[in-house]
Amino acid sequence: MNWGKYFTEAEFKCSHCGVAKMDEAFIARLNELRQECGFPFRVTSGYRCPDHPVEAKKATSGAHTTGKAVDIAVEGRQAHELLRQAMDMNFKGIGVQQKGAGRFIHIDDWTAPNRPTVWSY
C-alpha cells in the first residue's frame with residue numbers, strides 16, 4: 001500500500017481491530033487534497049471494521065468500512081478551505097461537524113443509494 005507523501009498506515013487503523021484496510025485510490029486522492037489545502041490533516045477516523053462499535057449500531061455498514069472514508073479534525077478557516085477543496089475535487093460524500101468540541105469534516109468516495117452529497121451532523 002502506498003500511503004503517499006502525507007500519511008502513514010497508523011493514522012487509518014481501526015480503533016477496534018487495528019486494521020487499516022484503506023482503498024489505495026482514495027488515499028491517493030486524499031494526498032492530492034492535502035496538497036491542495038496546504039496544511040496538515042489530523043485523521044480522527046479512517047478504516048472501521050464492521051464490528052467497530054459505531055458501525056455495529058448501523059443497519060448497514062457505512063463508508064468507513066469500505067476504506068473510502070476519513071474524518072479529519074479541522075475548524076475555522078481550515079475547515080472552510082478543506083470543504084471548498086473537497087467539493088472542487090468532487091468527493092462523493094462530505095459531512096460537516098463544526099459545533100462544539102470534536103469538530104471534523106468527513107470525506108468519502110463511497111457510492112450508496114439515497115444518500116446526500118453534503119450533510120451536517
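**Figure 1. Asn114 in the loop between strand E4 (104-108) and strand E5 (118-120).** Strands (E, at least two residues) and helices (H or I, at least four residues) are DSSP runs, numbered from the N terminus. This is a predicted model, in which local features need pLDDT of at least 70 and side-chain atom pairs count only at pLDDT 80 or more, while totals for chains, interfaces and linings use all residues. Residues are numbered from 1 along each chain as its sequence is written, and side-chain values use heavy atoms, with hydrogens and water left out. Asn114 is not a glycine, yet its phi is positive, near 55°. Most residues other than glycine have a negative phi. With a relative accessible area of 83%, Asn114 is exposed. Exposed denotes over 50% relative accessible area, buried under 20%, and partly exposed the range in between (1.4 Å probe, protein chains only).

**Figure 2. Asn90 in the loop between helix H3 (76-88) and strand E3 (93-97).** A positive phi of about 60° is found at Asn90, a residue other than glycine. Asn90 is exposed, its relative accessible area being 59%.

**Figure 3. Leu82 and its surroundings in helix H3.** The relative accessible area of Leu82 is 0%, so the residue counts as buried. Contact is defined as heavy atoms within 4.5 Å. When neighbours within four places in sequence are left aside, Leu82 is in contact with Leu33, Cys37, Phe39, Phe41, Ile72, Val74, Ile105 and Ile107. Ile94 lies 12 residues from Leu82 in sequence, and the two C-alpha atoms are 10 Å apart in space.

**Figure 4. Asn31 in helix H1 (residues 24-37).** Asn31 is buried, with a relative accessible area of 9%. Residues up to four places away in sequence not being counted, Asn31 touches Trp3, Gly4, Lys5, Tyr6 and Phe7. One of these, Tyr6, is 25 residues from Asn31 along the chain, and their C-alpha atoms are separated by 6.2 Å.

**Figure 5. Cys14 and Cys17, neither of them in a disulfide.** A disulfide is counted when a pair of cysteine sulfur atoms lies within 2.5 Å. A search of the whole structure finds 0 such pairs. For Cys14, the nearest cysteine sulfur is that of Cys49, 3.8 Å away. For Cys17, the nearest cysteine sulfur is that of Cys14, at 3.9 Å. Cys14 is buried, with a relative accessible area of 3%, whereas Cys17 is partly exposed at 39%.

**Figure 6. The whole protein, as the setting for the close-up views, with 3 helices and 5 strands.** Along the sequence these elements follow the pattern α-β-α-β-α-β-β-β. The C-alpha trace spans about 35 × 30 × 30 Å along its principal axes. The radius of gyration, taken over C-alpha atoms, is compared with a globule rule of 2.2 Å times the number of residues to the power 0.38. For 121 residues a compact globule would have a value near 14 Å, and the 13 Å of the protein agrees with this. Of the 121 residues, 42% count as buried. Among contacts between residues at least 6 apart in sequence, 60% join residues at least 24 apart. The accessible surface, obtained by the Shrake-Rupley method with a 1.4 Å probe, comes to about 6,700 Å², of which 49% belongs to carbon and sulfur atoms.
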